[in-house]
Amino acid sequence: MAGLELLSDQGYRVDGRRAGELRKIQARMGVFAQADGSAYIEQGNTALAVVYGPHEIRGSRARALPDRALVNCQYSSATFSTGERKRRPHGDRKSCEMGLQLRQTFEAAVLTQLHPRSQIDIYVQVLQADGGTYAACVNAATLAVLDAGIPMRDFVCACSAGFVDGTALADLSHVEEAAGGPQLALALLPSSGQIALLEMDARLHEDQLEQVLEAAAQAARDVHTLLDRVVRQHVQEASILLGD
Amino acid sequence: MLKSRTFLKKTRAGGVMKIVREHYLRDDIGCGASGCAACGSAHEGPVLEPQPLDRVSSLCPQPHYLLPDTNVLLHQIDVLEDPAIRNVIVLQTVLQEVRNRSAPVYKRIRDVTNNQEKHFYTFTNEHHRNDRAIRVAAKWYNEHLKKMSAENQLRVIFITNDRKNKEKAIEEGIPAFTCEEYVKSLTANPELIDRLACLSEEGNEIDSGKIIFSEHLPLSKLQQGIKSGAYLQGTFRASRENYLEAIVWVHGDTEDNKEIILQGLKNLNRAIHEDIVAVELLPKNQWVAPSSVVLLDEGQNEDDMEKEEERECILKTAVSEKMLKPTGRVVGIIRRNWRPYCGMLSKSGIKESRRHLFTPADKRIPRIRIETRQASTLEGQRIIVAIDGWPRNSRYPNGHFVKNLGEVGDKETETEVLLLEHDVPHQPFSQAVLSLLPKMPWSITEKDMKNREDLRHLCVCSVDPPGCTDIDDALHCRELENGNLEVGVHIADVSYFIRPGNALDQESARRGTTVYLCEKRIDMVPELLSSNLCSLRSNVDRLAFSCIWEMNHNAEILKTRFTKSVINSKASLTYAEAQMRIDSSTMNDSITTSLRGLNKLAKILKKGRIENGALTLSSPEVRFHMDSETHDPIDLQTKELRETNSMVEEFMLLANISVAKKIHEEFSEHALLRKHPAPPPSNYEILVKAAKSKNLEIKTDTAKALADSLDRADSLTFPYLNTLLRILATRCMMQAVYFCSGMDTDFHHYGLASPIYTHFTSPIRRYADIIVHRLLAVAVGADCTYPELTDKHKLAELCKNLNFRHKMAQYAQRASVAFHTQLFFKSKGIVSEEAYILFVRKNALVVLIPKYGLEGTVFFEEKDKPKPRLTYDDEIPSLKIEDTVFHIFDKVKVKIMLDSSNLQHQKIRMSLVEPQIPGISVPTDTSNMDISEPETKKKKLQK
């Protein structure tokens with residue numbers, strides 16, 4: 001039996017996209033009233049992010065940082081998020097790691113030095129996982145942080161990329177991820193082109209890295225265009241409601 | 001342009017899984033027809049011709065494209081590959097289905113699609129907005145093309161063999177035909193009809209004729225049966241001698257029932273040689289012993305089933321309890337391993353008949369029934385036939401004609417046949433492969449010089465046999481300032497041109513080796529590389545991989561260095577020319593001094609190697625002198641060995657050993673090495689016994705002991721004895737094989753007495769060398785690695801293929817020599833020659849004729865003659881015929897002639913002339929006595 005053909009000779013992927021194309025992205029901001037900021041994003045998989053803060057340090061005060069705010073990230077995924085229904089307890093290795101990555105990403109983007117001795121909480125939940133979970137979480141959290149009105153250097157836009165038969169594929173779906181090729185996750189500050197986080201845990205030859213990286217960066221810039229549009233529209237709607 | 005829709009699929013794998021996949025349906029996929037305004041820029045180079053006029057079909061006079069369904073692609077690929085069929089739309093869903101069902105067909109379709117001339121277009125209907133289904137796609141196409149140009153009346157014809165599908169299509173207004181109808185309507189190309197695969201439509205034929213075979217069980221039942229142990233899975237291997245008998249090699253490691261005998265047509269149940277089958281064991285009271293009867297399938301009609309049963313009875317008589325072996329019957333086929341078969345047509349007796357039987361050259365393959373109208377033209381030709389199926393009511397499998405190779409006995413045809421039968425890939429290189437070749441004129445650029453040393457100033461030269469165009473090695477030697485010698489072996493840098501993973505690489509890996517036949521060379525890499533860009537010709541800059549040693553005058557290596565380089569060979573010499581330069585006292589140029597230095601060192605190296613216990617073996621090597629016009633062999637000549645041959649060989653061995661050490665040191669887990677296992681002591685029995693009969697002693701404990709005792713085995717009265725002994729010793733040896741260092745622990749090369757060895761020096765003609773080049777390049781930092789190179793399982797798999805290809809190449813070469821020997825004796829007529837007995841068998845003598853290097857068997861039992869009294873003694877191999885005793889190494893005189901009674905299997909026949917035995921040996925002067933003989937033989941069998 002022949003395996004799954006990830007990229008056809010005609011250049012189409014399993015789900016009909018071309019190599020560089022993103023999945024359809026839909027996003028909304030301000031979905032929860034009680035949180036300081038919240039956002040909902042669909043990018044193949046659906047993620048929900050909520051932001052509280054900045055507020056006083058909760059729990060042990062010893063954790064407070066004298067010069068900047070503490071960014072606290074928590075990641076969780078719903079029991080029904082994957083094909084197989086599975087209880088996903090808090091604090092397992094995978095969600096801890098994801099929380100840590102999110103924290104690193106946002107410590108790089110949020111202007112934490114403006115709020116010393118305080119705390120910013122970012123809670124992300126994945127409702128449906130269909131590949132590129134990290135990227136979706138980052139994009140959702142960006143919108144939520146913006147919604148909360150916390151100052152940032154720039155948007156943080158993330159996207160994944162893979163490598164099949166000499167071609168870099170942007171924004172991998174679950175099927176493509178499961179096929180087991182190299183997968184790279186990139187979080188980018190688009191206007192400056194700085195990289196907030198870059199992660200890859202498979203083997204990929206040095207010569208090909210640049211190609212994959214460029215595909216991921218281009219996809220992240222595309223994400224930025226979309227998110228920017230969402231933010232502008234949200235602000236416009238909000239201003240109409242306020243009656244300005 | 002992006003329309004997103006999500007659809008839900010449910011699969012059951014143990015539990016319930018809900019899979020949600022996004023699917024983006026697009027409207028920017030082009031139809032592939034050039035000049036289509038509607039698709040506009042969506043085309044990436046239109047593929048279909050705007051006016052496909054070349055095909056004239058009586059069914060559809062307008063210009064049209066074809067759109068076949070999956071089954072047509074799967075079964076009628078032979079038709080589609082014909083140059084007459086062009087402008088075909090292959091739907092991607094169809095292609096996917098083909099890919100899942102049959103990998104070889106998929107590959108062939110892809111090759112066709114890549115061929116610009118064929119105008120095959122793959123339409124990605126899977127992702128297109130509304131035409132996933134085949135008929136819908138055909139309908140869309142028709143409407144789309146109508147929009148494009150109304151006056152053109154361009155149409156798409158749907159080709160399907162499914163009757164219901166066709167009816168529905170016609171209902172929906174899509175012109176649809178079966179493949180047969182369409183091909184028959186192509187009045188300009190009647191020869192296509194023969195290439196149609198005949199798939200009997202099930203319902204039609206079952207009532208006609210009685211059912212011979214029991215049904216094959218479905219795969220699911222077979223798998224269940226194999227799991228529960230009711231059935232055994234194995235490879236079906238038909239017997240060469242007896243068409244009613246076969247053996248199944250059971251897979252897995254169960255010690256008992258390794259082999260199962262199948263006897264009788266019904267128990268064989270339509271299995272064909274090499275198929276993977278499921279077998280059910282019969283109860284013990286039905287077990288049989290392998291029969292020793294030779295049976296050839298002679299039947300022409302199917303009515304003689306009763307006769308068949310009679311014959312089966314013959315098999316079962318006279319069997320003792322002890323000889324019984326596990327016996328079974330085939331219950332189902334797990335995987336067919338059919339390939340196209342070479343053979344000849346046996347024309348049917350009825351004049352107008354269109355059905356004929358085809359007799360494959362391989363005796364293990366049953367005859368195949370084919371339908372053709374060109375029987376009279378195909379008679380006496382070698383043809384290729386593919387099997388389509390074997391219905392239950394048919395005595396023979398059904399097949400279709402694929403290709404006519406040419407006249408029997410014709411040199412080119414026979415070469416083609418032996419290549420096909422030995423599975424040597426010899427098709428011209430595909431477009432995809434050729435496109436990867438560098439563009440001419442090619443020159444070395446600045447970029448190539450990265451990681452490369454410039455050695456153009458060195459006085460490098462190559463030494464090869466005359467007429468060699470693929471020069472893959474060159475040498476140099478110079479004195480250094482410190483008095484030491486610098487010796488370099490420069491090997492063509494083929495891995496520079498063949499990059500890992502691309503089509504060129506895959507094709508070379510598949511071919512594995514270049515095959516040298518008597519008058520033809522089947523290249524592993526395209527000719528541009530093998531005879532030009534990689535060939536280290538004189539006075540041009542060539543890329544090379546160099547292995548450079550610093551040696552002292554005692555040929556001890558002080559330093560070894562590997563580097564990619566650029567060289568400029570100063571001369572390409574033949575062995576004779578090089579020898580002449582070394583010997584002549586007048587020549588003192590730099591090439592000659594370099595050669596002399598090399599020669600001196602080589603002698604020391606050789607001496608050292610032999611002291612270590614390397615074997616010098618001998619095999620009668622013969623070259624044919626070809627007539628330059630007709631390429632017929634006119635004379636034979638045994639290979640001459642000069643000092644320079646061994647000089648080049650010595651340095652190649654040294655390079656191979658040095659490289660083997662280096663790559664093993666760097667990649668202990670995945671170095672590609674070559675080993676030559678020591679033969680088990682029992683292999684030497686023949687040799688020891690043979691030597692004993694001449695009062696000589698051969699010691700076989702170690703390679704060194706063997707080499708020494710072979711050197712000592714000399715007889716003043718019989719100078720050829722030593723060569724004969726060496727030939728015998730060669731036969732005792734094991735096959736040398738490639739292997740991956742991580743998968744084995746024994747690296748020893750017995751023949752060369754080296755603890756480690758590999759192949760590095762001939763990358764133009766061996767794929768193993770290319771891999772070794774890549775490994776070495778990584779080891780010296782000149783190139784980068786890739787995942788397959790460091791995967792020992794992949795490497796082990798590659799080694800398996802390489803070993804297989806090398807074996808097949810050897811067989812093909814031998815077959816080619818045998819064929820040319822036949823041609824030679826055909827022109828020469830009957831000759832008598834002196835020969836030595838090489839082996840003594842129970843009913844025959846194997847003799848070697850030194851003059852021709854020809855080995856043959858003299859039989860003493862013939863069916864239509866009274867059997868002579870034969871007494872065989874195993875202890876001192878000897879055979880007593882009537883009153884004459886034959887020992888091994890005895891000198892005899894034999895008569896050689898060509899036996900062409902069986903056109904498919906011509907062979908050399910030998911008969912004894914001297915010493916004379918009344919009634920057995922043939923007189924020297926009679927001629928033609930054996931030619932008429934086979935006729936009577938045949939008649940006897942039929943009685």
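**Exercise 1. Describe residues 195-222 of chain A in this predicted model.**

Solution.
- Start with the annotation. An unreviewed UniProt entry places the feature "coiled-coil region" at residues 195-222 of chain A.
- Next, take the secondary structure. Over this stretch the chain is 61% helix and 21% strand.
- Then take the ends. The end C-alpha atoms are 15 Å apart.

**Exercise 2. Work out the layout of chain A.**

Solution.
- Count the elements. Chain A has four helices and nine strands.
- Put them in sequence order. The pattern reads β-β-β-β-α-β-α-β-β-α-β-β-α.
- Check burial. Of its 244 residues, 49% count as buried.
- Look at the contacts with a separation of 6 or more. Residues 24 or more positions apart account for 68% of them.
- Finish with the surface. The accessible surface of chain A is about 11,800 Å², and carbon and sulfur atoms hold 50% of that.

**Exercise 3. Profile chain B.**

Solution.
- Count again. Chain B contains 27 helices and 37 strands.
- Take burial. Chain B has 943 residues, and 51% of them are buried.
- Take contacts between residues at least 6 apart in sequence. In chain B, 67% of these join residues at least 24 apart.
- Take the surface. It comes to about 45,800 Å² for chain B, with 50% belonging to carbon and sulfur atoms.

**Exercise 4. Decide whether S508(B) is buried or exposed, and place it.**

Solution.
- Locate the residue. S508(B) lies in helix α17, residues 503-511 of chain B.
- Apply the cut-off. Buried means under 20% relative accessible area.
- Compare. S508(B) has 1% relative accessibility, so it counts as buried.
- List the neighbours. Leaving out residues up to four places away in sequence, S508(B) touches I498(B), M524(B), V525(B) and Y767(B).

Note on methods: Residues numbered from 1 in each chain as written. Chains lettered and ligands numbered in written order. Predicted model: local features only at pLDDT ≥ 70, side-chain atom pairs only at ≥ 80, totals over all residues. Heavy atoms only, no water. UniProt positions renumbered as here; feature names shortened; annotations may be inferred. Helix = DSSP H or I, 4+ residues; strand = E, 2+ residues; numbered from the N terminus. Buried < 20%, exposed > 50% of the residue type's maximum accessible area, 1.4 Å probe, protein only. Contact = heavy atoms within 4.5 Å. Areas by Shrake-Rupley, 256 points an atom, 1.4 Å probe, with all protein chains shown as cover.
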